[in-house]
Amino acid sequence: MEISKPHAALLSSPGMGHLIPVLELSKRLVTHHDFTVTVFVVSCHMSQAESQVIQSSISPKLFDIVQLPPVDTTHLVDANATVVTHIAVMMREARPAIRSAISSMNPRPTALIVDLFGTESLPIAEEHGLLKYVYIPSNAWFLALTVHVPFLDREVEGEYVDQIEPLRIPGCRAVRPEDVVRMGKEIPTSDGPLTLAAFRDETLLGRFTKTPVYPIGPLTRPLSGSRSELFDWLDKQPSESVIFVSFGSGGSLSYKQMTELAWGLELSQHRFIWVVRPPTKTAADDTFFTAGTASGDDDPSTYLPDGFLTRTKNKGLLVPIWAPQVEVLSHPSVGGFLSHCGWNSTLESVANGVPMIVWPLYSEQKMNSTLLAEELGVAVRPKELPSKKVVGREEIEKMVRQIIEDKEGKNATRARVKELKYSAEKALSKGGSSYNALSRLAQQITDLHATTESEALR
Ligand code: UDP
């Protein structure tokens, strides 16, 4: 009988920001560790952008992608509920489909790897005797906060966001209450070695979790090789002169904020590419479910300041709805990224050595932006969170100048992000810390697979 490869099933929650890292981890498991991989995707409806990302991941075909039946949450979730609530409910409702998909797999996978929203499916792995892991494509600080939440729940009265004092996490920088989002409690039940400093500290072990942590990132998408007119324009611009403005797969701004941003870009007199979406009236994340689809009145001249398009026609380029972000960030003319700080965007910026202006809109983006600006020094940030207050044109102008004009490393932001890019490359290359961490995880799965296989042969 032929010896089969170890098989891992990965579960992606809805949204590009969740799908991309799952696909990248799958590729690594197949190409570096010779695994068989099946990816289960939960979604409400596939956006055009999601379909494209899936298509590019299956040609050449490295692994199977199984789209689970769409989950309708309309009768379960309040219309005004946040994106996070929608995703959590969808993942909960998808459990019967996930269970039946895993039960009918033959041969069964050896491990189930879920993302942060998939933790309620960990018991399904247990039912089927699979190893189980939670994949958190984010930073260690966010993970520390996430697993510390059960303790905070006991210690903090009322809502975290209403606290005045920073929230203390053992061994880590304290978290500003306004940067916090709701977290799950299931992570400590997974099989994942404690390697991060805070998690290694003996005195903190009990407070955190005995669950092992494998730091395997940063995993980012490779270049797709697509070329469009956008690149003809970029090719003509001087090196590191263009600021790229984009708010992820679904972020959008209010009308007032768009007006200030347009003026800020114009006043800076620097070159820009701006991925524009029609403004929202309410919360920043309202457009999540329309991401990647042009809807309604998306002619920018109807919502940008009068004359803006004409005045900036030699300096700037507007791209409606969606741009090939990884390719843009890797272009030598791009010198800065004004970003909502989703973790994929953050990694893509660092992987290309591009300093950032942080513009967090929702969920863990606020912690990411604090990490980038205050801890790593690879970004500048507005004085007040954009989700709280409209950022004015003068401040935007100043931040753009600071990032683009930082040529001699006066503020050293550009120099620091280039160092970080270098360490990321080193960590991921053969023998690097992330490469080795993923090898240890792969070995755990391979060992169980070998045991199961030899028992079956007896
Ligand atoms: N993205 C893109 N073009 C766009 C907007 C987003 O290619 O116009 C990609 C981006 O490169 C990143 C992902 O979509 O890989 C967004 O993920 P992220 O975690 O940054 O943010 P989210 O969309 O989850 O808020």
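**A walk around helix α13 and its neighbours**

Visitor: Which elements cover the buried residues of α13?
Guide: Keep in mind that this is a predicted model. The cover over the buried residues of α13 includes two helices from earlier in the chain and two strands, along with others. Among the names on that list are α1, α12, β9 (334–339), β10 (356–358), α14 (365–375) and α16 (413–428).

Visitor: How many residues of α13 are buried?
Guide: Let's go through them: W343, N344, S345, T346 and L347 are buried, and E348, S349, V350 and A351 are buried too. So the rest of the structure largely encloses α13, the buried count being nine of the nine.

Visitor: Which element gives the most residues to the shell around the ligand?
Guide: Of the 19 residues around the ligand, those that come nearest are G17, G248, S249, G342 and S345. Two or more shell residues come from each of α1 (16–33), α12 (325–329) and α13 (343–351). With four residues, the top giver is α13.

Visitor: How many residues of that shell are charged?
Guide: Eight residues of the shell around the ligand are nonpolar and 10 are polar. That leaves the charged class, with one.

Visitor: Are α10 and α15 parallel or oblique to each other?
Guide: Helix α10 (residues 255–268) packs against helix α15 (residues 393–404) with the axes 7 Å apart. The angle is about 45 degrees, and angles under 35 degrees would count as roughly parallel. The two helices, α10 and α15, are therefore oblique.

Definitions and conventions:
Residues numbered from 1 in each chain as written. Predicted model: local features only at pLDDT ≥ 70, side-chain atom pairs only at ≥ 80, totals over all residues. Near = placed C-beta within 6 Å. Nonpolar A, V, L, I, M, F, W, Y, C, P; charged D, E, K, R; others polar. Axes fitted to C-alpha atoms, helices over the stretch in contact; angles between N-to-C directions. Parallel < 35°, antiparallel > 145°, perpendicular 65-115°, else oblique. Buried ≥ 20, exposed ≤ 12 C-beta atoms within 10 Å, placed from the backbone. Contact = placed C-beta atoms within 7 Å.
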